Amino acid sequence: MGLTSSLRRNNKSFLRIFMILVLSCIPGRTNLCSNHSVTTPIDLPPDIRSSLDSLDLEGYISFNDVHNASKDFGNRYQLPPLAILHPRSVSDISTMVRHIVHLGSTSNLTVAARGHGHSLQGQSLAHQGVVINMESLRSPDIKIHKGKQPYADVSGGESWINILRETLKYGLSPKSWTDYLHLTVGGTLSNAGISGQAFKYGPQINNVYQLEIITGKGEVMTCSEKQNSELFYSVLGGLGQFGIITRARIALGPAPHMVKWIRVLYSDFSAFSRDQEHLITKKNGFDYVEGFVTVNRTDLLDNWRSSFSPNDSIGASQFKSEGKTLYCLEVVKYFILEEANSTNLVRCENISSDKSLNSLDHTLGLLT
Ligand SMILES: Cc1cc2nc3c(=O)[nH]c(=O)nc-3n(C[C@H](O)[C@H](O)[C@H](O)COP(=O)(O)OP(=O)(O)OC[C@H]3O[C@@H](n4cnc5c(N)ncnc54)[C@H](O)[C@@H]3O)c2cc1C
């Protein structure tokens, strides 16, 4: 009881401190159509820089080359930090957060973890504050645990593409993905992490067994569904506001040896959404279902988002309508080698008729 209430108290106060520290690094969302370049320096006490410089770190702190960390993928904000921390250890990050807490709120110093900076609204920026380059925290290496419930222990700064490469060596892969894999574990677990497997396994934040977190007070805490669960569920999908993820235990499953990959084009939204709903509710259906909308400005085959190649274009080439909105369902069936008896499984199939649902159900019937 005492421990629980003290934890609750601790959680509340760290939440408060962290919210103040990190919320203040998110720029306002007004004037959404213009670029925000802030050149006016924030009024920092003069000894802040030297106090950061004097920290005993295994990694290092840089006051130069802050240009890249002043922008993100959205390229709408230009907010240079005072410094970038390149941590070599979890303790480096803890030291930095403790130091900032120690300086107090009058220091005006903000802090933000940065993965690959693929956010759009300046979430990983800290104007005149400290950006923590999570990518430099790559050790210890990715550790794979095989067994009944396999998992990978990875750094919060690790890229999903590296996790895929490593887990495949063991015939395993994360259960839930993003489409684009050059994103970091900390970056997507702070959001949700969504791809075509989410309808089956949930987003990436549903596929984490345990986290190691630096709290807003600089404490290092382990949390999971059963241990410090309030912290666990706050950090997952917490937009970087509730703690810094330094390690994560990611759920793995068997990696498919072969796949059947099918794309279906629609010009009618109702048919598209009806088919999508049908497919995600179907038992023993596809393993991956994703839909996207594309404006057919030129030719579908020239559209970078379409992923249709001129070589598999028979159906796709029908859709030449200039400027028309098209809808594409992308579905995949996975196969483990022993189960796969068809020779055409890796062949990509494009269906582009109004009988698409029947075609999909028919194909699924042949495959299962
Ligand atoms: C080309 C592109 C493709 C994308 N594809 C997908 C997709 O298929 N599916 C999908 O779900 N999303 C997708 N996204 C969105 C992407 O998942 C988010 O923008 C994600 O936050 C980016 O990860 P990042 O590693 O670059 O994080 P950053 O942009 O660096 O950080 C994002 C947020 O997370 C916080 N953060 C970063 N690391 C940590 C950490 N270790 N601990 C705590 N907080 C942290 C940051 O402070 C910031 O608030 C895509 C984005 C782009 C630009």
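The exercises below work through a predicted model of one protein chain with a ligand.

Residues are numbered from 1 along each chain as its sequence is written. In this predicted model, local features need pLDDT of at least 70 and side-chain atom pairs pLDDT 80 or more, while totals for chains, interfaces and linings use all residues; side-chain values use heavy atoms, without hydrogens and water.

**Exercise 1. Describe the chain as a whole.**

Step 1. Start with secondary structure. The chain holds 9 helices and 16 strands. These are DSSP runs numbered from the N terminus: helices are H or I with at least four residues, strands are E with at least two.

Step 2. Turn to burial. Of the 368 residues, 49% are buried (under 20% relative accessible area, 1.4 Å probe, protein chains only).

Step 3. Check the surface. The accessible area is about 18,500 Å², and carbon and sulfur atoms account for 52% of that (Shrake-Rupley method, 1.4 Å probe).

**Exercise 2. Find what surrounds the ligand.**

Step 1. Take the shell. It has 29 residues, and Ala113, Gly115, Ser119, Asp179 and Thr184 are the closest. A residue counts if one of its heavy atoms lies within 4 Å.

Step 2. Sort the shell by type. It splits into 9 nonpolar, 18 polar and 2 charged residues. Here Ala, Val, Leu, Ile, Met, Phe, Trp, Tyr, Cys and Pro are nonpolar, Asp, Glu, Lys and Arg are charged, and the others, Gly among them, are polar.

Step 3. Look at the backbone. Ligand oxygen atoms lie 2.8 Å from a backbone N or O atom of His118 and 3.1 Å from one of Gly187. A ligand nitrogen sits 2.8 Å from a polar backbone atom of Ile245.

Step 4. Add the cover. The ligand alone exposes 970 Å², and the protein buries 84% of that.

Step 5. Trace the elements. Strand 5 (111-114), helix 5 (185-189) and strand 12 (244-254) each give two or more residues to the shell. Helix 5 gives the most, with 3 residues.

**Exercise 3. Place Gln204 in its surroundings.**

Step 1. Locate the residue. Gln204 is in the loop between helix 6 (198-201) and strand 10 (208-214).

Step 2. Is Gln204 buried or exposed? Gln204 is buried, because its relative accessible area is 2%.

Step 3. List the partners. Beyond neighbours within four places in sequence, the contacts of Gln204 include Trp160, Trp177 and Leu189 (heavy atoms within 4.5 Å).

Step 4. Pick out the polar pair. The side chains of Gln204 and Thr188 form a polar contact of 2.8 Å. Such a contact is a pair of N or O atoms within 3.5 Å; within protein, one must be able to donate a hydrogen and the other to accept it, and residues adjacent in sequence count only if both atoms are side-chain atoms.

Conventions: Buried < 20%, exposed > 50% of the residue type's maximum accessible area, 1.4 Å probe, protein only.
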